[in-house]
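Reader: Could you walk me through the charged pairs in this one, and then one of the helices?

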Amino acid sequence: MGQRVTLAAGVSILALFIFAAIAAPLIAPYDPIVHNSELRLVPPSLFHPFGTDNFGRDILSRVIWATRIDLQIAFLGVIFPFLIGTILGTISGYFGGMVDIIFMRLIDVVLAFPFLVLMLSIIAILGPGLSSFYIAMALVGWVSYARLIRTQMLVLKNSDYAVAAVSLGFSNSRIMFRHLLPNAIAGSIVFSMSDAVLVLLNGAAISYLGLGVQPPLAEWGVMVAEGQSFISTAWWITFFPGLSIVVLAFGLSLLGDGLSETLGARQ
């Protein structure tokens, strides 16, 4: 019962943000990038529930539109490392031997550098922007998924059904991706939900540093950075986008915990 409540809560929160992202043109009360000097730093009110920023832009509208970009960051920042790590981990764990040794040395090289430092270095080389962020995440974030899949493959390749598939003359690719991988990937799917939280926070941090989404586009990290100078006089500029980051991260964490508990109960 507990895992169902956790899973349902996570799905509900995520669905709410997905709805906001899809329906942004319909539910956002104002244009998120239009300036209005007459409405600068208006506190939360009936007409502007989240207040306005130093350019007179409606914070609620910007938070709603920013949902599109931050959801994109959370999921695209996970899917590329997930795919790369899954493929490399499957090949390494299945073949073993020299292939696995080379693979493990490659992991050691990536892990030798702090995650955030390596990611910032790649973005600095490629230039600011979301494309650079996704490339950096793909080059750095695949390691965790590869290690998870590799561990599972080392165990599953000696199972009875894997040995039977080999004896029947099935190709290595068929055994890896049709027989073993479907049974090994559940842990990686659960981990991806927790990883999405870290990717979301990293994306907001990168945008906060000016290396991610570029103004005037609305993004929660950018909005927090823009409101930093007004934190003592206009707290709402940073509070509401920061709250959105926390709530979405909480929803993704609940979803990951719910999936973990549900899969564990079934096993």
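Author: What follows goes through the salt bridges and then helix α4, in a model that is predicted.

Reader: How many salt bridges are there in the whole structure?

Author: A search of the whole structure finds five salt bridges. Four residues, Asp53, Arg57, Arg62 and Glu226, are linked in a network of such bridges.

Reader: Within that network, how far apart are the closest N and O atoms of Asp53 and Arg57?

Author: The closest N and O atoms of Asp53 and Arg57 are 2.8 Å apart, and the two residues form a salt bridge.

Reader: And are those two buried or exposed?

Author: Asp53 is buried, its relative accessible area being 2%, and Arg57 is buried as well, also with a value of 2%.

Reader: Moving on, what does Asp100 pair with?

Author: Asp100 forms a salt bridge with Arg150, and the closest N and O atoms of that pair lie 2.6 Å apart. Asp100 sits in helix α4 (residues 97-111) while Arg150 sits in helix α6 (residues 130-156), so the bridge ties together parts that are 50 residues apart in sequence.

Reader: Why does Arg150 count as buried?

Author: Arg150 counts as buried because its relative accessibility is 17%, and the cut-off for buried is under 20%. Its partner Asp100 is buried too, with a relative accessible area of 11%.

Reader: Which residue does Asp108 meet in a salt bridge?

Author: The side chain of Asp108 meets that of Arg105, with 2.9 Å from N to O. Both residues lie in helix α4, three residues apart, which is about one turn of the helix. Asp108 is partly exposed at 37% relative accessible area, and Arg105 is partly exposed at 45%.

Reader: Let's stay with α4, then: which of its residues are buried?

Author: The buried residues of α4 are Asp100, Phe103, Ile107 and Val110. Seen down the axis of α4, these buried residues fall within an arc of 80°, so they line one face of the helix.

Reader: What do they pack against, and what does the face turned away carry?

Author: The buried residues of α4 pack against α3 (59-95), α5 (115-126) and α6. On the face turned away from the buried side, α4 carries the exposed residues Met98 and Ile102.

Reader: One geometry check: what span should the 15 residues of α4 have?

Author: At 1.5 Å a residue, the 15 residues of α4 should span 21 Å, and this agrees with the model because the end C-alpha atoms of α4 are 21 Å apart.

Note on methods. Residues are numbered from 1 along each chain as its sequence is written. This is a predicted model: local features need pLDDT of at least 70, side-chain atom pairs count only at pLDDT 80 or more; totals for chains, interfaces and linings use all residues. Side-chain values use heavy atoms; hydrogens and water are left out. Buried means under 20% relative accessible area, exposed over 50%, partly exposed in between (1.4 Å probe, protein chains only). Helices (H or I, at least four residues) and strands (E, at least two) are DSSP runs, numbered from the N terminus. The expected span of a helix is 1.5 Å times one less than its number of residues. The arc is that of the directions from the helix axis to the C-beta atoms. Contact means heavy atoms within 4.5 Å.
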